[in-house]
Amino acid sequence: MAKKDKAPQVADTGHEWDGIRELTNPPPRWWMISLHASWIFCLVYLVLYPSIPLLHGSTKGLLGWTQIKEFKEAVAENDAIKAPYLKKVADMDGQALMADPAMRNFAESSAKALFGDNCAACHGAGGQGAAGLFPNLADDDWLFGGDFDTIVESITDGREGSMPAHEGMIEDAQINQMADFVLAAAQGKASKQGFIRFDENGCSGCHGEDAKGGVINDLGSGAANLTDGIWRFGGSREDILRTIRYGVNEDPADVPKTRIAIMPAFGEKLSPEAIKMLAVKVHQFGGGK
Ligand code: HEC
Ligand code: HEC
């Protein structure tokens, strides 16, 4: 009873449940302030920002804010931060770039996105390639060369290693002999006689007398090292026979089973700075040198 009498002077709404009356006390002050603050905020927001949906688009708001504008400002801000670094990349040679920890770090992190956008579709996210199709960039085994300048050249100009189809060029028996030779060479078991035949069949002209590849110039020729057990197109006897018979990058209209190995040129698509940064990353993939 005492409890019930505590606020007798406050008017009630006339509702009562088991002796509990509903009073007409005003809501607390903090609650009223929040209520008014929130509708004032809504009104101000409505006036300043795009808000009310119309048939085509929405009201623009006094501030002229748009998501696109905010995005562009963020990009411009980012570009401004990167500009001095990019200038440095342009001025530095490969050696200097890789020796400077801050610049190397910058190059590698920028190249991450570049590689994902331009290269990963073929070479894989980690540069691991795809067996028989796209070379592994992460094994430090190079067709054209793994030094910085050669990598830059591979990316800028593209690559298209070529090997003639030997079917019809040499006897089928010789083709089979050469496949056996390649299998043996990959295990370091090739005979002297084998190396002589390799030379007689004209293979050494590209793959080198020791079959270790890359002899046309110092930068490599794309001719694979046949002695390291690392296969570009596959190491089964069948795979090897196919490569010897039908060659690499012959015109597929003439030789449908030829191996296709075309690295597109990026010189027109990417800036020289972007290519340099990618080269740092690819060099890093390969374990560096
Ligand atoms: C359409 C597929 C494709 C794309 C995209 C591609 N590559 Fe290649 N890349 C290849 C092929 C195929 C080869 C091998 C060419 C050959 O054997 O003659 C190659 C070769 C290379 C080589 C030479 C490897 C060596 O052993 O000497 C480098 C370096 C390279 N690519 C880097 C890149 C980088 C960096 C990018 C992205 C900017 C890229 N590639 C994008 C297919 C591609
Ligand atoms: C005109 C140069 C040229 C001649 C001649 C040549 N090759 Fe090649 N060969 C290449 C190139 C270039 C490649 C690598 C293709 C690529 O990845 O772009 C290759 C790749 C190969 C491969 C694949 C290696 C792998 O890792 O999968 C084999 C096997 C091979 N050659 C064997 C031979 C044999 C055997 C002969 C002689 C009958 C021969 N080649 C003659 C240029 C040549």
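R259 counts as buried, because its relative accessibility is 8% and the cut-off for buried is under 20%. I start with this residue and work outwards. Keep in mind that what we have here is a predicted model.

Where does R259 sit? It is found in the loop between α10, residues 237-246, and α11, residues 272-285. Its side chain makes a polar contact with the side chain of T243, at 3.1 Å. Leaving aside residues up to four places away in sequence, R259 touches F233, D239, R242, T243, G247, V248 and N249.

That brings us to α10 itself. Which residues of this helix are buried? They are I240, L241, T243, I244, R245 and Y246. So T243, the partner of R259 in the polar contact, is among the residues that count as buried, being under 20% relative accessible area. Part of the cover over the buried residues of α10 comes from α7. Just after the helix, G247 takes a positive phi of about 70°. G247 is also one of the residues that R259 touches.

Next, ligand 2. A shell of 26 residues surrounds ligand 2, and the closest are M163, C203, C206, H207 and R232. How is the shell composed? It divides into 17 nonpolar residues, eight polar and one charged.

There are three polar approaches to list for this ligand. A nitrogen atom of ligand 2 is 2.7 Å from an N or O atom in the side chain of H207. An oxygen atom of ligand 2 is 2.6 Å from a polar backbone atom of R232. For F233, a backbone N or O atom lies 2.7 Å from an oxygen atom of the ligand. F233 has come up already, as one of the contacts of R259.

Which elements supply at least two residues each of the shell around ligand 2? They are α7, residues 172-186, α9, residues 204-207, and α10. The largest share, three residues, comes from α10. So α10 appears twice in this account: it supplies residues to the shell, and T243, one of its buried residues, makes the side-chain contact with R259.

Now ligand 1. Of the 24 residues around ligand 1, those that come nearest are C119, C122, H123, G161 and M263. The shell divides into 17 nonpolar, five polar and two charged residues.

Again I go through the polar atoms. In the side chain of H123, an N or O atom is 2.7 Å from a nitrogen atom of ligand 1. A backbone N or O atom of F144 lies 2.8 Å from an oxygen atom of the ligand, and for G161 the corresponding distance, again from a backbone N or O atom to an oxygen atom of ligand 1, is 2.6 Å. The elements giving two or more residues to this shell are α5, residues 120-123, α6, residues 148-157, and α11.

From α11 I take one residue, A279. Buried or exposed? A279 counts as buried, because its relative accessibility is 0%. Not counting residues up to four places away in sequence, A279 touches F148, I151, V152 and I155. C-alpha to C-alpha, A279 and D147 are 9.1 Å apart in space, with their positions 132 residues apart in sequence.

On to the aromatic rings. The count comes to seven aromatic pairs. Y85 and F106 form one that is stacked, at 4.7 Å centre to centre and 25° between the planes. Y85 lies in helix α2, residues 67-91, and F106 in helix α4, residues 101-118, so the pair ties together parts that are 21 residues apart in sequence. The two rings belong to residues of unlike accessibility: Y85 counts as partly exposed at 35%, whereas F106 is buried at 12%. Elsewhere, ring pairs link F41, Y45, Y49 and W65 into a cluster.

Last, the domains. How is the protein chain divided? Domain 1 is 22-63, domain 2 is 80-159 together with 267-285, and domain 3 is 172-246. The C-alpha centres of domain 1 and domain 3 lie 78 Å apart.

Definitions and conventions:
Residues numbered from 1 in each chain as written. Chains lettered and ligands numbered in written order. Predicted model: local features only at pLDDT ≥ 70, side-chain atom pairs only at ≥ 80, totals over all residues. Heavy atoms only, no water. Helix = DSSP H or I, 4+ residues; strand = E, 2+ residues; numbered from the N terminus. Buried < 20%, exposed > 50% of the residue type's maximum accessible area, 1.4 Å probe, protein only. Polar contact = N/O pair within 3.5 Å; in protein donor to acceptor, adjacent residues only side chain to side chain. Contact = heavy atoms within 4.5 Å. Near = heavy atom within 4 Å. Nonpolar A, V, L, I, M, F, W, Y, C, P; charged D, E, K, R; others polar. Phe/Tyr/Trp six-rings, centres within 6.5 Å; stacked < 30°, edge-to-face > 60°. Domains from an automatic or database assignment.
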